[in-house]
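Dear colleague,

I am passing on the structure we spoke about, with notes on what I found in it. Please read them with the structure open beside you.

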Amino acid sequence: MDEFIQEGKYASHETLKGYAHSWQTLSLLMQEVITSGMYVPELLPDENQPVLLVVIKEATVLKAKSLHREAPEVLISIATHTGESVRDDDEGYYADYWRQAAGTIQLIDCAEHAVFWLPLPAVETWEPYRFSGYGTPFDALSAPLPVFQHLAFVLKPEQAQPELGTTIYLKSII
């Protein structure tokens, strides 16, 4: 019985360490999004320009007060703005249509969520990165720039840089 308890304790400790490292990384990433990201709806990228889209779901004061119960959901993807927006100044409603993968367009409400975008780094800025988190290590790309330095982008063989549908991982501080 003691062997099972010790094994469970070890697994719990390892999992909590992983969470702690990920939350630290996510905290740094959020700080950089605030200072380096372009705030939507204030500024939009050119139509169909691939960008890094960062959406913090339900970013409200009430949500901030309940972080001890529920962590925020953060969506990070390569996306393009479709050129279509909904703006209602009287109601304070601002929403934009974003393409996040081939055939996938999503309406994102800027009043309900915190929405930011960053231009993708130039091709020569990307650096190889060996992702060695839990599971089998794999090769990816990262960039030594705010926000991008915390992310690992997994490319398909024919890709030179991240594009719509690219898998993105959070690099953990270890």
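Leaving aside its neighbours within four places in sequence, which residues is glutamate 32 in contact with? Please keep in mind throughout that this is a predicted model. With those sequence neighbours set aside, the contacts of glutamate 32 are Gly37, Pro146, Val147, Gln149 and His150. Glutamate 32 belongs to helix α1, which covers residues 2-36, and although this glutamate is buried, it has no salt bridge, the nearest side chain of opposite charge being that of lysine 171, 9.9 Å away.

The helix itself deserves a few words. Its 35 residues, at 1.5 Å a residue, should span 51 Å, and the C-alpha atoms at the two ends of α1 are 50 Å apart, so the expected and the modelled span agree. The buried residues of α1 are Gly18, Thr25, Leu29, Met30, Glu32 and Val33, and the elements against which the buried residues of this helix pack are β2 (51-56), β3 (74-88), β6 (114-119), β9 and β10.

Turning to the interior, the largest nonpolar core has 19 residues, and those with the most contacts inside it are Leu52, Val54, Val147, Phe148, Leu151 and Phe153. Two or more residues of this core are given by each of α1, β2, β6 and β9. Apart from it lies another core, of ten residues, which includes Ala79, Trp98, Ile108 and Val115. To return to leucine 151, its contacts, again without the neighbours within four places in sequence, are Leu29, Leu52, Ile76, Leu141, Ser142, Ile168, Tyr169, Leu170 and Lys171.

A polar residue that you may also wish to look at is glutamine 159, which lies in the loop between β9 (151-154) and β10 (167-170). Glutamine 159 has a relative accessible area of 10%, and because this is under the 20% cut-off it counts as buried. The side chain of glutamine 159 reaches the backbone oxygen of glutamine 161 at 3.3 Å.

How many salt bridges does the structure hold? There are three of them, and I describe each in turn.

In one, the side chains of glutamate 14 and lysine 17 meet at 2.9 Å, N to O; both residues lie in helix α1, three residues apart, which is about one turn of the helix. Glutamate 14 counts as partly exposed because its relative accessibility is 22%, and lysine 17, at 43%, is likewise partly exposed.

In another, aspartate 96 and arginine 87 bring their side chains together at 2.9 Å, N to O. Here the aspartate is buried, since the relative accessibility of aspartate 96 is 0%, whereas arginine 87, at 34%, counts as partly exposed.

The remaining salt bridge joins the side chains of arginine 130 and aspartate 139 at 3.0 Å, N to O. Arginine 130, with 47% relative accessibility, counts as partly exposed, while aspartate 139, with a relative accessible area of 57%, is over the 50% cut-off and therefore exposed.

If you look at one contrast only, I would suggest these two acidic residues: aspartate 96 is buried and meets arginine 87 in a salt bridge, whereas glutamate 32 is buried yet has none.

With best wishes

Terms used:
Residues numbered from 1 in each chain as written. Predicted model: local features only at pLDDT ≥ 70, side-chain atom pairs only at ≥ 80, totals over all residues. Heavy atoms only, no water. Helix = DSSP H or I, 4+ residues; strand = E, 2+ residues; numbered from the N terminus. Buried < 20%, exposed > 50% of the residue type's maximum accessible area, 1.4 Å probe, protein only. Lys, Arg positive; Asp, Glu negative; His and termini not counted. Salt bridge = Lys/Arg side-chain N within 4 Å of Asp/Glu carboxyl O. Contact = heavy atoms within 4.5 Å. Polar contact = N/O pair within 3.5 Å; in protein donor to acceptor, adjacent residues only side chain to side chain. Expected span 1.5 Å × (residues − 1). Core = buried A, V, L, I, M, F, W, Y, C linked by side-chain atoms within 4.5 Å.
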